[in-house]
Amino acid sequence: MKIKYLSLALLNIMCFSAIAAESNSLNTDNSFFKDSKFEFSTRNHWKYLKENASQPKEVHSAWGQALTFNYKSGYWLDILGFDVTYDNVIKLGASDYFATRNLLYNDGKKADKHNAHGFNKFTQRYAKVKLGNKDINFNGKAGWHSLKDMGVISSSQHLTRNSYLGYSGTLKYSNLALSLAYIDSTLPRESAKKVHFYSLDRKHVIDNIKTAEIAYKDEVIKLDYSYGVAKDYINRHAIEFSYKPIEKLTFGSQIYGSTALKNHDKMKANVRDFDDSAWHYAADVEWKEADWSAKFGIAYTDANRKGAIGYYGRHIGKNNRGRYNGMAAAGADYMRDGEVVLSSVLGYDFFKDNTTGLYLNYGEFNYKHETLKNGEINVFNIWKPTSGTFKNLSILSKFGYGWSYKTMSSKDITPKLRDGHAQRSPTLSAETVIDYRFNLL
């Protein structure tokens, strides 16, 4: 089946290329073919975590290889076009609990490494339209497509990028932009299976997610407000702001909030992230030089949950990725009720095209007269040549140590106290990502 899909995809591209060559000989102004792009890329991704927060010490590890074909057409009559992305993922290795790494398809319910499999899918296949000119214009998409920070929805990539079925579009005028999106199902980044959106307890289907965004951007200021509704489940707000008084200095701030609707209220209390609402407030400052950079941030979360620790969940239920660009989104996501977190990212270019750095987080919150402290230290290195033979290569590696506390379960982050005191829970993590891109057309 994999070979069949891949052959069909390549055959289609070959046909487009042949048509393009024929068309260009007849009409050199046909931008549909002249502006077409065909790219082949590979990604090798390994993720590792050792932890004992909700169980005896366990290793969560997955390793896979992705092959991606990405075709982007130009625009017929400078209006209509279409894009297609095909992904094939090969399993290279897995441990029990591999599914938490979101790399390989989990064909089973138990935490068994034998359930780990590769998969293949047409991740994106959508029609696109553009209207207008450079002063005022509209760009829209319909079909399966990824959404990166479109309103309150986003997409993230591990071996593949998750995509959504629906519609989206952005109208731009001068420095203003208005975006709208409607989605009703998804292809997760670790699967080729179409799934719906669900509540956290999976008892309520979220029929659709609608979102709108208005943004202003110039050389100094960026201001963005987004609002979204997961039908009958959650209302979501997102405000992002940045101010750049000089080239090297940037001040930023983010506010994210969720308020509960009727199907959220129907869930049992021990399943919810929060009771009525959850808000996360953050601010940061960044300084950039030619060969080094430093970014520091502080954040606070208000997410009350009766008799337990509440949480600001970034995502809007199950099977989607919520928009979030704050510094607290690290390995453990420092967004518990009443938690204050300090974050920093430090990077230095020891030689050209290579950045080495530290990513640090430290958070505190109170629970039943106990002050809980948690944090992590990560070392990372990114090599991304900008010229020469390897200019399309990127290698990321990182490893880190973290300290936290034992929880009630993997789904409930409330501390599990012993004699009124929290129990320490250390973690070790590591990750490598190797990307390479080939431009075929």
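How many residues does the hairpin use to join S1 to S2? Let's look for the answer in this predicted model.

## A hairpin and its neighbour

The hairpin passes from S1 to S2 through six residues. Strand S1 covers residues 37–51 and strand S2 covers residues 58–72; the two run antiparallel, with 15 bridges between them. To find this pairing on your screen, look for Ser41, which stands opposite Thr68 in S2.

S2 also pairs with strand S3 (residues 80–94). These two strands run antiparallel as well, and 11 bridges join them. Here a handy landmark is Gly64, placed opposite Lys91 in S3.

## The whole chain

Now step back to the full chain, which has 24 strands and three helices. Its radius of gyration is 23 Å, close to the 22 Å that the globule rule gives for 441 residues, so the chain is as compact as a globular protein of that length. Along the principal axes, the C-alpha atoms fill a box of roughly 80 × 50 × 50 Å.

How do distant parts of the sequence meet? Take the contacts between residues at least 6 apart in sequence: 58% of them join residues at least 24 apart.

## Inside and outside

Of the chain's 441 residues, 45% count as buried. The chain exposes about 22,700 Å², and 58% of that area is supplied by carbon and sulfur atoms.

Charge is part of the picture too: there are 60 positive and 46 negative side chains. The centres of these two sets lie 5 Å apart.

Conventions. Residues numbered from 1 in each chain as written. Predicted model: local features only at pLDDT ≥ 70, side-chain atom pairs only at ≥ 80, totals over all residues. Heavy atoms only, no water. Helix = DSSP H or I, 4+ residues; strand = E, 2+ residues; numbered from the N terminus. Rg over C-alpha atoms; globule rule 2.2 N^0.38 Å. Buried < 20%, exposed > 50% of the residue type's maximum accessible area, 1.4 Å probe, protein only. Contact = heavy atoms within 4.5 Å. Areas by Shrake-Rupley, 256 points an atom, 1.4 Å probe, with all protein chains shown as cover. Lys, Arg positive; Asp, Glu negative; His and termini not counted. Charge placed at Lys NZ, Arg CZ, Asp CG, Glu CD. Pairing = 2+ DSSP bridges.
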